[in-house]
Amino acid sequence: DVWKVLESEIIRSTERFNPMGISNVAWSLATAKRSSSEVWSELGASALHNIHKFDSQALANTVWAHATVGHSSPQLFNKVAKISLSRLDDFNSQNLAN
């Protein structure tokens with residue numbers, strides 16, 4: 001199954017993803033309704049490790065994607081909330097709506 005191969009590659013590659021890559025992969029998987037717990041855990045861990053490098057769009061997309069597939073990541077969500085509050089002026093209406 002192509003999805004299994006793709007998800008395995010994502011798991012192996014997350015440490016090399018930049019914030020936009022993490023955000024884009026998360027958005028793509030959520031849009032495709034892929035909810036592999038292992039993939040989402042890896043994406044969440046990678047996002048958490050690089051969270052200080054995320055811009056407002058990447059933060060919004062990453063949290064939206066996790067929520068869309070129903071993957072709970074309290075540590076990531078709490079960190080994003082703290083960072084978002086300190087950068088509130090960076091967010092546009094679309095970022096906030098997500």
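## Around helix 2 and N50

The side chain of N50 comes to 2.9 Å from the backbone oxygen of S46, a polar contact (a pair of N or O atoms within 3.5 Å; within protein, one must be able to donate a hydrogen and the other to accept it, and residues adjacent in sequence count only if both atoms are side-chain atoms). This is a predicted model, where local features need pLDDT of at least 70, side-chain atom pairs count only at pLDDT 80 or more, and totals for chains, interfaces and linings use all residues. Residues are numbered from 1 along each chain as its sequence is written, and side-chain values use heavy atoms, with hydrogens and water left out.

N50 lies in helix 3; helices here are DSSP runs (H or I, at least four residues), numbered from the N terminus. With a relative accessible area of 9%, N50 is buried (under 20%, using a 1.4 Å probe and protein chains only).

Now to helix 2. Its buried residues are P19, I22, S23, V25, A26, L29 and A30. They cover an arc of only 165° around the axis, which puts them on the same side of helix 2; the arc is that of the directions from the helix axis to the C-beta atoms. These buried residues pack against helix 1 (2–13), helix 3 and helix 4 (56–69).

Just after helix 2, K33 has a positive phi of about 60°. S35 follows in the loop between helix 2 (19–31) and helix 3 (37–50).

Contacts (heavy atoms within 4.5 Å), not counting residues up to four places away in sequence:

| Residue | Touches |
|---|---|
| S35 | W40 and V69 |
| N50 | F17, P19 and I22 |

Definitions and conventions:
Helices (H or I, at least four residues) and strands (E, at least two) are DSSP runs, numbered from the N terminus. Buried means under 20% relative accessible area, exposed over 50%, partly exposed in between (1.4 Å probe, protein chains only).
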